[in-house]
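Please open the model in your viewer and keep the sequence beside it, since this tour moves from one selection to the next and pauses at each to describe what is there.

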Amino acid sequence: QVRLVESGGGLVQAGGSLRLSCVASGRIFGINDMAWYRQAPGKQRELVAGISRSHNTNYVDSVKGRFTISRDNAKNTVYLQMDSLKPEDTAVYYCKSNVRTTLYSADNYWGQGTQVTVSS
């Protein structure tokens, strides 16, 4: 089985920074795409940023220039550096990874989420 564990969330003032981490463990043959999503109260979960195994990245428009996604393939870890945080970034942040548990099969796995709260 595969487990994803996020860390790094918390309470920060507007304009501040946080760095989220997500570590994958378990039966892992390799990891394809990794991504961060967020869900604010009363809203649908949205993709914030994604990164391929070859480090190609994409971002939702609202975080471009403020957030940076990165990964360490050797550590099965994805990061989200969040700068210039705004109150509207407040949400539960989830990581998702497409994990190969054998050479020929892969499935999506989710972390349990970490709360990010930005005060004005």
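Begin by selecting strand 3 and strand 8 (residues 77-82), which pair in the antiparallel sense over six bridges. Strands here are DSSP runs of E with at least two residues, numbered from the N terminus, and two strands count as paired if DSSP finds at least two bridges between them. Before going further, note that this is a predicted model, in which local features need pLDDT of at least 70 and side-chain atom pairs count only at pLDDT 80 or more, while totals for chains, interfaces and linings use all residues. Residues are numbered from 1 along each chain as its sequence is written, and side-chain values use heavy atoms, with hydrogens and water left out.

**The open sheet**

Within the pair you have just selected, look for Leu 20, whose bridge partner in strand 8 is Leu 80. Now add strand 1 to the selection, which pairs with strand 3 (residues 18-26) in the antiparallel sense, again over six bridges. Along this pairing, Val 5 has Val 23 of strand 3 as its bridge partner, and Glu 6 stands opposite Cys 22 in strand 3.

With strand 7 added as well, you can see an open sheet of four strands in the order 1-3-8-7, with antiparallel pairing. Strand 1 (2-7) and strand 7 (67-72) stand at the edges, and because each has a single partner strand, one side of each is left without a neighbour in the sheet. From one strand to the next the twist averages 15°, where the axes are lines fitted to C-alpha atoms and angles run from 0 to 180 degrees between N-to-C directions.

**The disulfide**

Which residue is joined to Cys 22 by a disulfide? Show the side chains and you will find that the partner is Cys 95, with a distance from S to S of 1.9 Å. Cys 22 lies in strand 3 and Cys 95 in strand 9 (residues 91-100), so the pair ties together parts that are 73 residues apart in sequence. A disulfide is taken to be a pair of cysteine sulfur atoms within 2.5 Å, and by this rule the count comes to one.

Are these two cysteines buried or exposed? Cys 22 is buried, with a relative accessible area of 0%, and Cys 95 also counts as buried at 0%. Here buried means under 20% relative accessible area, exposed means over 50%, and partly exposed lies in between, with a 1.4 Å probe and protein chains only.

**An arginine over two rings**

Next, select Arg 45 together with Tyr 94 and Trp 110. Arg 45 lies over the face of Tyr 94, at 3.7 Å from the ring centre, and it also lies over the face of Trp 110, at 4.7 Å from the ring centre. A charge is said to sit over a ring if NZ of Lys or CZ of Arg is within 6 Å of the ring centre and within 35 degrees of the ring normal.

**Stops in the loops and in strand 6**

Move on to Thr 101, which lies in the loop between strand 9 and strand 10 (106-110) and is buried, with a relative accessible area of 17%. Setting aside residues up to four places away in sequence, Thr 101 touches Val 2, Arg 27, Phe 29 and Tyr 109, where contact means heavy atoms within 4.5 Å. The C-alpha atoms of Thr 101 and Phe 29 are separated by 5.0 Å, although the two residues are 72 residues apart along the chain.

For a contrasting loop, select Lys 43, which is placed between strand 4 (30-39) and strand 5 (46-51) and counts as exposed at 58% relative accessibility.

Tyr 59, in strand 6 (residues 57-59), is partly exposed, with a relative accessible area of 22%. Residues up to four places away in sequence not being counted, Tyr 59 touches Val 48, Ala 49, Lys 64, Phe 67, Thr 68 and Ile 69.

**Two positive phi angles**

Most residues other than glycine have a negative phi. With that in mind, select His 55, in the loop between strand 5 and strand 6, where phi is near 75°, a positive value in a residue other than glycine. Finish at Asn 76, in the loop between strand 7 and strand 8, where phi is near 50° and therefore positive in a residue other than glycine.
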